[in-house]
Amino acid sequence: MDLQSFLASGLIEAYVLGQCTADERAEVERMAVQYPEVRKGLAETEQALEQYAQTHAVHPPAWMKGRIL
């Protein structure tokens, strides 16, 4: 698979989300070793996912901490 097809395939996003098969995981890791663009794509996707999670996080009510402890 050529680099541009790989970047457009959605495998990077699936890898970051943990939705790849073992073969797909191995391919992403192999491509990341070979191509800086793949490493950059992985880092950007992880950062975007983290930002999304932080932005949309639902914080529990303050009284819940006392009930848990």
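Begin by selecting glycine 18, which counts as exposed at 62% relative accessibility, where exposed means over 50% relative accessible area, buried under 20% and partly exposed in between, with a 1.4 Å probe and protein chains only. This glycine sits in the loop between H2 and H3, and helices are DSSP runs of H or I with at least four residues, strands being runs of E with at least two, numbered from the N terminus. The model on the screen is predicted, so that local features need pLDDT of at least 70 and side-chain atom pairs count only at pLDDT 80 or more, while totals for chains, interfaces and linings use all residues. Residues are numbered from 1 along each chain as its sequence is written, and side-chain values use heavy atoms, with hydrogens and water left out.

**The whole chain**

Now zoom out and colour by secondary structure: the chain has 5 helices and 0 strands, and its elements run α-α-α-α-α from the N terminus on. The C-alpha trace spans about 55 × 20 × 15 Å along its principal axes. Its radius of gyration is 17 Å, whereas a compact globule of 69 residues would have one near 11 Å; the radius is taken over C-alpha atoms, and the globule rule is 2.2 Å times the number of residues to the power 0.38. Of the 69 residues, 20% count as buried.

**The nonpolar core**

Next, select Leu3, Phe6, Leu11, Ile12, Ala14, Val16, Cys20, Val28, Met31, Ala32, Val38 and Leu42, the 12 residues of the largest nonpolar core. Such a core is a set of buried Ala, Val, Leu, Ile, Met, Phe, Trp, Tyr and Cys residues joined through side-chain atoms within 4.5 Å. Helices H1 (3–8), H2 (11–16), H3 (22–34) and H4 (36–55) each supply at least two residues of this core, and H2 gives the most, with 4 residues.

Within that selection, pick out methionine 31 and show what surrounds it: leaving aside neighbours within four places in sequence, methionine 31 is in contact with Met1, Leu3, Phe6 and Val38, contact meaning heavy atoms within 4.5 Å.

**Along helix H4**

Move on to threonine 45, which has its place in helix H4. With neighbours within four places in sequence left aside, threonine 45 is in contact with Ile12, Glu13 and Val16. If you then measure from threonine 45 to leucine 17, you should find the two C-alpha atoms 9.4 Å apart in space, although the residues are 28 apart in sequence.

In the same helix, H4, select glutamate 44 and lysine 40, which lie 4 residues apart, about one turn of the helix. Their side chains meet in a salt bridge at 3.8 Å, N to O, a term that requires a side-chain nitrogen of Lys or Arg within 4 Å of a carboxyl oxygen of Asp or Glu. A search of the whole structure finds 1 salt bridge. Glutamate 44 is partly exposed, with a relative accessible area of 44%, while lysine 40 counts as exposed at 53% relative accessibility. To link back to the starting point, draw a C-alpha to C-alpha distance from glutamate 44 to glycine 18, which are 16 Å apart in space and 26 residues apart in sequence.

**The last stop**

Finally, select tryptophan 63, which lies in helix H5 (residues 63–68), and add Met64, Ile68 and Leu69, since these four belong together on the surface.

Definitions and conventions:
Patch = residues over 30% accessible without salt bridge, like charges linked within 9 Å, V, L, I, M, F, W, Y side chains within 5 Å. Areas by Shrake-Rupley, 256 points an atom, 1.4 Å probe, with all protein chains shown as cover.
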